[in-house]
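Subject: Structure for your review

Hello,

Here is the structure we spoke about, followed by notes on what was found in it. Please keep it open while you read.

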Amino acid sequence: DPLGLDMKYVTVRVDRGGCILGIVRFALPLSRVQPEIRSIYRIVLFGAVAAVIIALIVAYFVSRSITLPIRQMQETAQQIAKGDFGKRVRIKSRDELGELAKSFNTMADELQHQMENLRRMDRMRTDFVANVSHELKTPLTLIRGYIETLEDRAMDDKKAATKFISIIKEHADRLANIVNDLLSLSELELSDDSVHKTEFDLKEIIDEISLGFGHALADKKQMLTVSSQGGDLTIRADHDKIEQVFVNLIDNAVKYTKESGCIELSLVELDREVCVTVQDNGIGIPREHRERIFERFYRVDKARSRDLGGTGLGLSIAKHIVLAHNGKISIESEFNKGTKISVILPKE
Ligand SMILES: Nc1ncnc2c1ncn2[C@@H]1O[C@H](COP(=O)(O)OP(=O)(O)OP(=O)(O)O)[C@@H](O)[C@H]1O
Ligand SMILES: [Mg+2]
């Protein structure tokens, strides 16, 4: 521009029907346009900065919403690894993280459950070893004591010696019984094929066992009756083991029933099973003991049971045998009234 001003020129050609009508030319000093341009620049710049800041803030919160739960899960995992199995993550979102947290908690539940099982089994094992040792130690100590007395002086006294030797024999028999019971239990627990099935009449073996108890019953002036409502009482099962079940149950009924008591056995044919009940009118089992009565070495009254020659293995063995036959064993009892044990065995 001749005046030395920065100008903005705009030239527009005006056409009509192919011929040029004229040319329009505008001229504007730039000083009038520049503030407008600058203000547009400013708006664009401000917008860009604001967009970047907002993006950063959003990114921060999004990443926090991901890293926080992950960190929480990591911390919980570490606490669980250290043995605090009760810890859980508290994430309730409905997205993938929420799903992950849910799976994580399920895994922790399972882990805690398994851990409790392991601890319980370990405690049972320790108890078992302690019980076995104790049960074996008692007769051994007595045997040792009698042998020492014999050595000291009783040898010369023939009558005393005979008495001591018979006591020693009694305790040795007891030891042998305990060891046999323990072997039966471990055999039942260890092998799945410890059951050797043959076909036999359940009523027949129960009659035989009852005969075997003749002496014990006569000693206590007890009555034992066996009744059945006819029907087919043939089952396929392990003869010797089933015999052991009912020997144990009848032995208990005799032991834990006072003189002149009654013991009733009854057999009933069910659809595909046979149910045998052994009922006595003896001392009964208090409610608080009923749940644990099938545990190894569990006795209601340790002293009384031991005096009667009991170790607390009989019912546990019976239960194992019945379960190995896919049967059921249950107990009903009333303190000071009597006890009824029902055994259900499948015919096949
Ligand atoms: N018919 C019963 N009446 C009352 N108590 C019973 C009866 N049967 C079992 N019990 C109680 O249950 C406990 C466990 O019985 P279990 O047969 O397992 O052991 P035990 O008779 O003491 O010893 P074992 O059978 O090994 O010689 C017994 O000590 C007794 O207290
Ligand atoms: Mg018993």
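A residue is called buried when its relative accessible area is under 20%, exposed when it is over 50%, and partly exposed in between. Asparagine 326 has a relative accessibility of 66%, so it counts as exposed. Please keep in mind that this is a predicted model.

Loop between α9 and β8

Asparagine 326 belongs to the loop that runs between α9 and β8, the latter spanning 328-334. From its C-alpha to that of glutamate 348 the distance is 9.8 Å, with the two positions 22 residues apart in sequence numbering.

Loop between α1 and α2

Two residues were looked at in the loop between α1 (30-81) and α2 (96-154), one of them glycine 83. Glycine 83 has a relative accessible area of 35%, and is therefore partly exposed. Its C-alpha atom is 27 Å from that of serine 93, although the two are ten residues apart along the chain. Valine 89 is in the loop between α1 and α2 as well. Is valine 89 buried or exposed? With a relative accessible area of 5%, valine 89 is buried, because the cut-off for that class is under 20%. Valine 89 and aspartate 280 are 191 residues apart in sequence, and their C-alpha atoms are 55 Å apart in space.

Ligand 1

Aspartate 280 also appears in the surroundings of ligand 1. There are 20 residues around this ligand, and those that come nearest are Asn252, Asp280, Ser305, Gly312 and Leu315. By class, the shell holds eight nonpolar, nine polar and three charged residues.

Which atoms of the protein pair with a nitrogen or oxygen atom of ligand 1? A nitrogen atom of the ligand is 2.8 Å from an N or O atom in the side chain of aspartate 280. An oxygen atom of the ligand lies 3.2 Å from a polar backbone atom of valine 300. For leucine 313, a polar backbone atom is 2.9 Å from an oxygen atom of the ligand. On its own, ligand 1 exposes 600 Å², and the protein buries 95% of that area.

Where does ligand 1 sit? Its place is the largest pocket. Two elements give two or more residues to the shell around the ligand: α6 (239-255) and α9 (314-324).

Backbone angles

Most residues other than glycine have a negative phi. Phenylalanine 297 has a positive phi, near 70°, and is not a glycine. This residue is found in the loop between α7 (287-290) and α8 (302-307). The relative accessible area of phenylalanine 297 is 2%, so it is buried. Asparagine 336 likewise has a positive phi near 70°. Asparagine 336 is in the loop between β8 and β9 (338-346).

Regards

Terms used
Residues numbered from 1 in each chain as written. Chains lettered and ligands numbered in written order. Predicted model: local features only at pLDDT ≥ 70, side-chain atom pairs only at ≥ 80, totals over all residues. Heavy atoms only, no water. Near = heavy atom within 4 Å. Polar contact = N/O pair within 3.5 Å; in protein donor to acceptor, adjacent residues only side chain to side chain. Areas by Shrake-Rupley, 256 points an atom, 1.4 Å probe, with all protein chains shown as cover. 1 Å grid on protein atoms, 1.4 Å probe; cavity = no way out; pocket = protein on both sides within 12 Å on 5 of 7 lines; lining within 4 Å. Sits in = over half its atoms within 2 Å of the grid points. Helix = DSSP H or I, 4+ residues; strand = E, 2+ residues; numbered from the N terminus. Nonpolar A, V, L, I, M, F, W, Y, C, P; charged D, E, K, R; others polar. Buried < 20%, exposed > 50% of the residue type's maximum accessible area, 1.4 Å probe, protein only.
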